[in-house]
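Student: I would like a close look at a single part of this model, with the surroundings brought in where they help. Could you walk me through it in one connected answer?

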Amino acid sequence: MIKTDILIIGAGPTGLFAVFEAGLLQLKCHLIDALPQAGGQCSEIYPKKPIYDIPGFPEVLAGDLVDNLMEQIKPFQPGFTLGERAETIKKLGDGTFVVTTNKGTEHNAPVVAIAGGLGSFEPRKPLLQNLADYEDKGVAYMIKDPEIYRDKKVVLAGGGDSALDWSIFLADVASEVTLVHRRNEFRGALDSVEKVQQLKNEGKINLVTPGEIVGLKGEGKLESVTIRKTSNAAEDIHLKVDEFIPLFGLSPKLGPIADWDLEIEKNAIKVDTFDYQTNIPGVYAIGDVNTYPGKLKLILCGFHEATLMCQSAYQRIFPDKKYVMKYTTVGGISGFDGSKKEAPKAVVKAID
Amino acid sequence: MTDIKIKITDREGVLHEIDAPTDMNMNLMEVVRSYELAPEGTIGICGGMAMCASCQCYVISDHDLPEKSDDEEAMLSEAFNVRENSRLGCQLHINEDMDGLEVELAPEEL
């Protein structure tokens, strides 16, 4: 069981900055995120896009903002459970919470801060009637272990980097790789597009564009797919395959948090703007995931909410302790790693 | 201030005839959100970067709309429920030429 002071669900900019504010109060944090890396939407959706409304940064790339936040919170040694989705929450007799992920990892903390943005990122699934029947029986939305595709007939669908990169990788592993995309153009790194072109020319990747997978068949497991090239169904291709991997990116879903008995309004968690606490005492919601009158889904608002949340969390964890906010310029930063940052002393030398 | 009229059929099939401002630097997705014609969190998820398809709509009237950008084209090629007349609302910047535009919101991806 992982133990911490504030358990943060969601490692986007708001969740990351909460680590800093908690650290100033000597509170330790641990973050859970469904994505394999920190940064939330900033890393997953638009790392190369600029943001212009971060105070003090006339322009910053979303990916750079995340890198900076990671650097800023490093002294406070946050723990991470990445690639796992927070699934259930349970209150213990001592008033603390246990949050368990979809992989069974348990986390225990007196305070839970949900900084989940729009929710956890789930694979976008194509609209095929019997798709669910073949999940884990030939259909997978993520490649966890490429070895299971060895010497198999694999069909991939999608037009982004992951579809390209996995087609390239599997060309050496699978016995047959087919990549289906709805148009001739791909949206991916130029290198990857060129490599797929080369593998296509060498006959190692069977490229079907424009095309769309419109049907799945098989008894008990996937045996073939139907690829539609034109609007004329008579020209459909029936391809024998063992595995189908649709790679259409990720989309956020509020997910299991919706079942935590929190008050939900407009797909967001209602909070009290005094300290961003939810209807469950000890459970807070900060950043894009919360809602209140006048709410704006801005990173800078998430930073503010994270800051006030930490103050309230401190009072909750140490009800008897007196605390006065200290400026970092005055108090410096004492990391849990023993590092110390502080403003240099102004008086240098006396004048005779 | 100049407003144009737009007819929007929401995901429940209800028709809304609304006024959209041309001088507020708004796109169609933002207009839909400002009138709350689709629940928050189900439209404009990426904020208007053509990086999700939550604002996909079908253009019913025969307005001459600006060509799709490469980004919009690419996103629509990966979206679901796409038709010949699909557009991303976030890429349709409201202007006078759109007066009388009729669109239908595409179903939410589940």
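Tutor: Gladly; the part I have picked is the packing of helix 1 against helix 6 in chain A, and from there we will move outwards to the annotated sites, the partner chain and a few backbone details. Please keep in mind that this is a predicted model.

Let us begin with the geometry of the pair. Helix 1 of chain A covers residues 13-24, and its axis runs 8 Å from that of helix 6 of chain A, at an angle of about 35 degrees. The crossing of these two helices is right-handed. On the helix 1 side the residues that meet the partner are A:P13, A:T14, A:F17, A:A18, A:E21 and A:A22. Helix 6 answers with A:I299, A:G302, A:F303, A:E305, A:A306, A:T307, A:M309 and A:C310. Sorted by class, this contact holds 9 nonpolar, 3 polar and 2 charged residues.

The same region leads into the interior. A:A18, one of the helix 1 residues in that contact, is also among the residues with the most contacts inside the largest nonpolar core, together with A:I6, A:V112, A:A113, A:I114 and A:Y284. That core has 50 residues, and its largest share, 7 residues, comes from helix 6 of chain A, which spans residues 299-317. A second, separate core has 32 residues, including B:V31, B:C55, B:C57 and B:A79.

A:I114 is a good place to see how distant stretches of sequence come together. Beyond its neighbours within four places in sequence, A:I114 contacts A:I9 and A:G10, then A:I257 and A:I269, and finally A:V283, A:Y284, A:A285 and A:V289. A:Y284 is thus both a contact of A:I114 and another of the residues with the most contacts in the core.

Now for the annotations. An unreviewed UniProt entry marks residues 5-293 of chain A as "domain: FAD/NAD(P)-binding". The C-alpha atoms at the two ends of that span are 29 Å apart, and the span is 17% helix and 30% strand. The unreviewed entry's "binding site" annotation takes in A:T14, A:D33, A:Q41, A:Y46, A:A86, A:F121, A:D288 and A:T329. These positions span 316 residues in sequence and their farthest two C-alpha atoms are 37.8 Å apart, so they do not all gather at one spot. A:T14 brings us back to our helix pair, as it is one of the helix 1 residues that meet helix 6.

Two other annotated positions make a nice contrast. A:D33 sits in strand 3 of chain A, residues 29-33. A:D33 is buried, because 30 other C-beta atoms lie within 10 Å, where 20 or more are enough to count as buried. Setting aside residues up to four places away in sequence, A:D33 touches A:G10, A:A11, A:A38 and A:L82. A:G10 is therefore a contact shared by A:D33 and A:I114. A:Y46, by comparison, lies in the loop between helix 2 (41-44) and strand 4 (50-51) of chain A. A:Y46 counts as partly exposed, with 17 C-beta neighbours inside 10 Å.

A:Y46 also takes us across to the other chain. Apart from neighbours within four places in sequence, A:Y46 is in contact with A:Q41, A:A62, B:M49 and B:M51. The contact between the chains takes 21 residues from chain A and 15 residues from chain B. On the chain B side these are 8 nonpolar, 4 polar and 3 charged residues.

Returning to the helix pair, look just past helix 6. A:Y327 is in the loop between helix 6 and helix 7 (328-331) of chain A, and it is exposed, with 9 other C-beta atoms within 10 Å. A:Y327 and A:L24 are 303 residues apart in sequence, yet their C-alpha atoms are 9.6 Å apart in space.

Finally, a few backbone details. The peptide bond from A:T209 to A:P210 is cis, with omega near -15 degrees, and A:P210 falls in the loop between strand 14 (206-208) and strand 15 (212-217) of chain A. A:N267 has a positive phi, near 60 degrees, although it is not glycine; this residue lies in the loop between strand 20 (264-265) and strand 21 (268-270) of chain A. In chain B, phi of B:N81 is likewise near 60 degrees, and B:N81 is in the loop between helix 2 and strand 4 (86-88) of that chain.

Notes: Residues numbered from 1 in each chain as written. Chains lettered and ligands numbered in written order. Predicted model: local features only at pLDDT ≥ 70, side-chain atom pairs only at ≥ 80, totals over all residues. Contact = placed C-beta atoms within 7 Å. Nonpolar A, V, L, I, M, F, W, Y, C, P; charged D, E, K, R; others polar. Core = buried A, V, L, I, M, F, W, Y, C linked by C-beta atoms within 7 Å. Buried ≥ 20, exposed ≤ 12 C-beta atoms within 10 Å, placed from the backbone. Helix = DSSP H or I, 4+ residues; strand = E, 2+ residues; numbered from the N terminus. Axes fitted to C-alpha atoms, helices over the stretch in contact; angles between N-to-C directions. Left-handed = near helix turned anticlockwise from the far one by under 90°. UniProt positions renumbered as here; feature names shortened; annotations may be inferred.
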